[in-house]
Amino acid sequence: MVRFENVSKVYRTRAGEVRSLDGLNLEVKPCEFIVVRGPSGCGKTTLLLTAGGMLHPTSGEISVGGQALYSLNRRERAVFRAREIGFVFQMFHLVPYLNVIENVLLAGSSACVRPNSKRAHDLVARLGLASRAFHKPAALSTGERQRVAIARALLNQPKLILADEPTGNLDPENAAEVFRHLEDFHRAGGTVIVVTHGTMAEEYADRVLQMRAGSLNGS
Amino acid sequence: MTVIAIVLKELAHRKWSFLLSLLAVVTAVALFVAYFTTAEASQRETARVTRDLGFNLRILPKNTDMDQFWADGFSDQTMPEDTVGRFAKYENVFLVYNHLVASLERKILLQGKAVIVSGLAPAVVAPAQKRQPMGFAIRAGTVLVGFQVAQRLGLAKGGQIELAGEKFAVEQCLAESGTEDDIRVFGLLSDVQRILKLEGLINEIKAIDCLCLTADQDPLKILRAELAKALPETKVIQLRAIADARAKQRRALERYAAFFSPFVLVVCAAWIGVLAMLNVRERKIEIGLLRALGYSSNRIAWLFLAKSAVLGGVGAVLGYAIGSALALNFGPEIFKVTAQAIKPDFGLLAWASVAAPAFAALATFIPAMLAVAQDPAESLRGE
């Protein structure tokens, strides 16, 4: 499903070069639930952003579902991302002036995907947010905000969900709920890659990978 | 969700940011509208003010000895009074004047000292001028007495003065002028002609003309050539200093307008531009999110352009209303003489309705396109 071949990402800063991914190789099979663990700054987020077609690698090739991501132009990559990949961020990144339903529908408002209002309402209900459907993010708890972000990631029925520290700002109860929803998606046939420095995700994972200084070790 | 729905929700959410941006557009448009609504009045007012600096043409009898003229301050020769009427007929032929005043002056002794008796005819006003010029309006049998004469003879308003054996009522004692007018006694032309026994004669026509507008091209040479043919009994001299000062004042006003208009535009444009950049910066993560969700760069750019169009459109209408109200309320206070020239200019509304949204869109477009050109990950890291 996801394939990294000798991928490197080097950030050039005033202080010098920072090698975030260092010749990284990875293969994630369809319907696999992968957890990538590692200390802060080891390259976990860079791994996820490059896998999502959101950050050009310096070298190497990345493919998702057999499609070489960076051989697509920007527009084609945007279309591919909208259809195939869902994102869950640590900071939720909800649009503050849209309510819950509108935030979820935002994923279905890009030109390449038809918005599905019924599915948005179903997802919001399934994630326990029916009573909050018309509330703005500022009126929601952090757990509720992350569930909105998950609903948004699921709207277009992607094959892959990339989650960057999805429980980093949540208490254990809300964190467990987030993982249960990701596991539901996984059981329905989806592929999940979660990067985290916590341990809770491991009980849902098919495979846990340890990342250190831009490289992976399987476990 | 449509682009306009997203734009309206964002505007409602970021009310203060929207109001601040709106203020920039309204201020820019209002300043521009107020400036242009009062521009014509300002130019006409300046023309009036400079005109009132004094006459700039003096038409004299042909045989005037200029050494005598400059020594005495008037010509000792005369020409027929109807010369002024014939001169007036050449309006729009080879000259354009504002108004003409015929006069007759002579030096007489009054209690042992010289005074200049000055007889003034009612002004001949050019057909295009609707109002009588400001200046002396002298009734028959009355005189206006210069400061020095009044001081020496102890005269006051309501008193009497005897000139060449004839008594006149003192209508006014003039304030000190610092010129030879301080030893002048002004009377009606016909009265002065009578006491000097020079009926039907004058020795000077003072004229305000529009030659100052073409002062750079030496209009005097042209005028002298034409007058030599049309009024052979006259010659003309020009008060260059006043004419040049008037031309300079008008050119200064034009240069000021040429500087001020783009300056106002540039300052307001910079203001709008900075606010647009701040808005894009504030929404950098949002841009990254939309790109992560598969929005194309064009669609994201439309979000910003549509917002600018709303901002510019509302700002243009409000700015026009405020600018016109300012001009109509305060313009007449500033430009008292030409207040009637200040009226709403609906052409400016059309101009503002196109230019303000276009400019606001342009100011937003550049930072927005810079933001969408980045990898989504870079934008999401914007915080």
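Strand E9 of chain B, residues 184–188, is largely enclosed by the rest of the structure, because 5 of its 5 residues are buried. The model is a predicted one, and this strand is a convenient place to start reading it. Strand E4 of chain B (residues 113–120) pairs with E9(B) in the parallel sense, over 5 bridges. Within that pairing, B:Val117 stands opposite B:Val185. E9(B) also pairs with strand E6 of chain B (residues 142–145), this time in the antiparallel sense and over 3 bridges. Here B:Val145 has B:Val185 as its bridge partner. B:Val185 is thus named in both places: opposite B:Val117 and as the partner of B:Val145.

Another part of chain B to look at is the loop between strand E2 (79–80) and helix H4 (83–88), where B:Asp82 lies. B:Asp82 counts as partly exposed, because its relative accessibility is 49% and the exposed class begins over 50%. Along the chain, B:Asp82 and B:Leu201 are 119 residues apart, while their C-alpha atoms are separated by 8.3 Å.

Aromatic side chains give a further set of links. Over all chains, the structure holds 7 aromatic pairs. One of them joins A:Phe179 and A:Tyr204, with ring centres 5.5 Å apart and planes at 20°; the pair counts as stacked because planes under 30 degrees apart fall in that class. The two residues come from distant parts of the chain: A:Phe179 belongs to helix H6 of chain A (residues 172–187), and A:Tyr204 to the loop between strands E8 (191–196) and E9 (207–212) of chain A, 25 residues apart. A:Phe179 has a relative accessible area of 1% and is therefore buried. A:Tyr204 is buried as well, at 11% relative accessibility.

In chain B, B:Tyr320 and B:Phe346 form a tilted pair, 6.3 Å centre to centre with 40° between the planes. B:Tyr320 sits in helix H10 (residues 297–334) and B:Phe346 in helix H11 (residues 346–372), so the pair ties together parts of chain B that are 26 residues apart in sequence. The surroundings of the two rings can be read from their accessibility. B:Tyr320 has a relative accessible area of 8% and is buried, whereas B:Phe346, at 59%, is exposed. Ring pairs also link B:Phe32, B:Tyr35, B:Phe36 and B:Trp351 into a cluster.

Rings also lie beneath charged groups. The charged end of A:Lys9 is placed over the ring of A:Tyr11, 5.4 Å from the ring centre. In chain B, the charged end of B:Arg283 sits over the ring of B:Phe304, 4.6 Å from its centre.

Chain A can also be described as a whole. Its secondary structure comes to 6 helices and 10 strands. The chain has 219 residues, of which 59% are buried. Of the contacts in chain A with a separation of 6 or more, 69% come from residues 24 or more positions apart. Chain A exposes about 9300 Å², and carbon and sulfur atoms supply 47% of that area.

Confidence in chain A averages a pLDDT of 89, and 96% of the residues score at least 70. Among the elements of chain A, strand E4 (residues 59–64) has the highest mean pLDDT, 94, and strand E10 (residues 215–218) the lowest, 74.

Key
Residues are numbered from 1 along each chain as its sequence is written. Chains are lettered from A and ligands numbered from 1 in the order in which they are written. This is a predicted model: local features need pLDDT of at least 70, side-chain atom pairs count only at pLDDT 80 or more; totals for chains, interfaces and linings use all residues. Side-chain values use heavy atoms; hydrogens and water are left out. Buried means under 20% relative accessible area, exposed over 50%, partly exposed in between (1.4 Å probe, protein chains only). Helices (H or I, at least four residues) and strands (E, at least two) are DSSP runs, numbered from the N terminus. Two strands pair if DSSP finds at least two bridges between them. Rings of Phe, Tyr and Trp (its six-membered ring) pair if their centres lie within 6.5 Å; planes under 30 degrees apart count as stacked, over 60 as edge-to-face and the rest as tilted. A charge sits over a ring if NZ of Lys or CZ of Arg is within 6 Å of the ring centre and within 35 degrees of the ring normal. Contact means heavy atoms within 4.5 Å. Accessible areas come from the Shrake-Rupley method with a 1.4 Å probe; for residues, only the protein chains shown count as cover. pLDDT is the predictor's confidence in each residue, from 0 to 100.
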